[in-house]
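User: Here's a model I'd like to go through with you. Could you explain the labels as we go?

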Amino acid sequence: MGTYNLPEITRTECTRCGTEVRGVNGRYACPNCEWVNHWSDGHNQLPSAEADPDCPRPR
C-alpha cells in the first residue's frame, strides 16, 4: 500500500467575484458565484483510486 499525505487547507481569492475561498491542496469552489478552478490547478497530483483509502473495494 502506498503512502498517504494529509491534505493541505489552502485559500485564495475567487477570480470571478473576489470572495476569499478555502480549498484542499489548491482546488477551490466559490459558494457565492459557483466558480470552480480546474482540477489540474491543484498543488499536487490527485491520488489514484487504488491509493485512496476510501475507495470502494470489490468484494
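Analyst: Sure, starting with pairing: two strands count as paired if DSSP finds at least two bridges between them. Strands themselves are DSSP runs of E, at least two residues long, and helices are runs of H or I, at least four long, all numbered from the N terminus. This is a predicted model, where local features need pLDDT of at least 70, side-chain atom pairs need 80 or more, and totals for chains, interfaces and linings use all residues. Numbering runs from 1 along each chain as its sequence is written, and side-chain values use heavy atoms, with hydrogens and water left out.

User: How many helices and strands does that give for the chain?

Analyst: Zero helices and two strands. S1 covers residues 9-13 and S2 covers residues 20-24.

User: What makes S1 and S2 a pair?

Analyst: DSSP has five bridges between S1 and S2, running antiparallel. The rule asks for at least two, so S1 and S2 pair. As examples, Thr10 has Gly23 in S2 as its bridge partner, and Glu13 stands opposite Glu20. The two strands form a hairpin with six residues between them, and Gly18 in the turn has a positive phi of about 90°.

User: Why is Asn25 called buried?

Analyst: Buried means under 20% relative accessible area, exposed means over 50%, and partly exposed is in between, using a 1.4 Å probe and protein chains only. Asn25 comes out at 13%, so it's buried. Asn25 sits in the segment after S2. Its phi is near 55°, a positive value in a residue other than glycine.

User: Which residues does Asn25 touch, leaving aside neighbours within four places in sequence?

Analyst: A contact is heavy atoms within 4.5 Å. Asn25 has contacts with Pro7, Glu8 and Thr10, and also with Gly42, His43 and Asn44.

User: How do you know whether Glu13 and Glu34 are buried or exposed?

Analyst: Set the values against the cut-off: Glu13 has 53%, so it counts as exposed, and Glu34 at 65% is exposed too. Glu13 belongs to strand S1, while Glu34 is in the segment after S2. Beyond four places in sequence, Glu13 touches Gly18, Thr19 and Glu20. Glu34 also has a positive phi, about 70°, without being a glycine.

User: Which class do Cys17 and Pro47 fall into?

Analyst: Partly exposed: Cys17 has 39% and Pro47 has 49%, so both land between the two cut-offs. Cys17 is in the loop between S1 and S2, and its contacts beyond four places in sequence are Cys30, Asn32 and Cys33. Its C-alpha lies 8.5 Å from that of Trp35, although 18 residues separate Cys17 and Trp35 in sequence. Pro47 is in the segment after S2; its C-alpha is 18 Å from that of Pro58, eleven residues along.

User: Which S2 side chains point to the buried face?

Analyst: Val21 and Gly23 point that way and are buried, whereas Glu20, Arg22 and Val24 point to the other face and are not buried. In a regular strand, side chains alternate between the two faces of the sheet.

User: How does the radius of gyration of the chain stand against that of a compact globule?

Analyst: The radius is taken over C-alpha atoms, and the globule rule is 2.2 Å times the number of residues to the power 0.38. For 59 residues that gives near 10 Å, but the chain has 14 Å. So the chain doesn't match the compact-globule value. Its C-alpha atoms fill a box of roughly 45 × 20 × 15 Å along the principal axes. Buried residues make up 24% of the chain. Of the contacts between residues at least 6 apart in sequence, 6% join residues at least 24 apart.

User: What is the count of positive and negative side chains?

Analyst: Lys and Arg count as positive, Asp and Glu as negative, while His and the chain ends are left out. That makes 6 positive and 8 negative side chains. With each charge placed at NZ of Lys, CZ of Arg, CG of Asp or CD of Glu, the centres of the two sets lie 4 Å apart.
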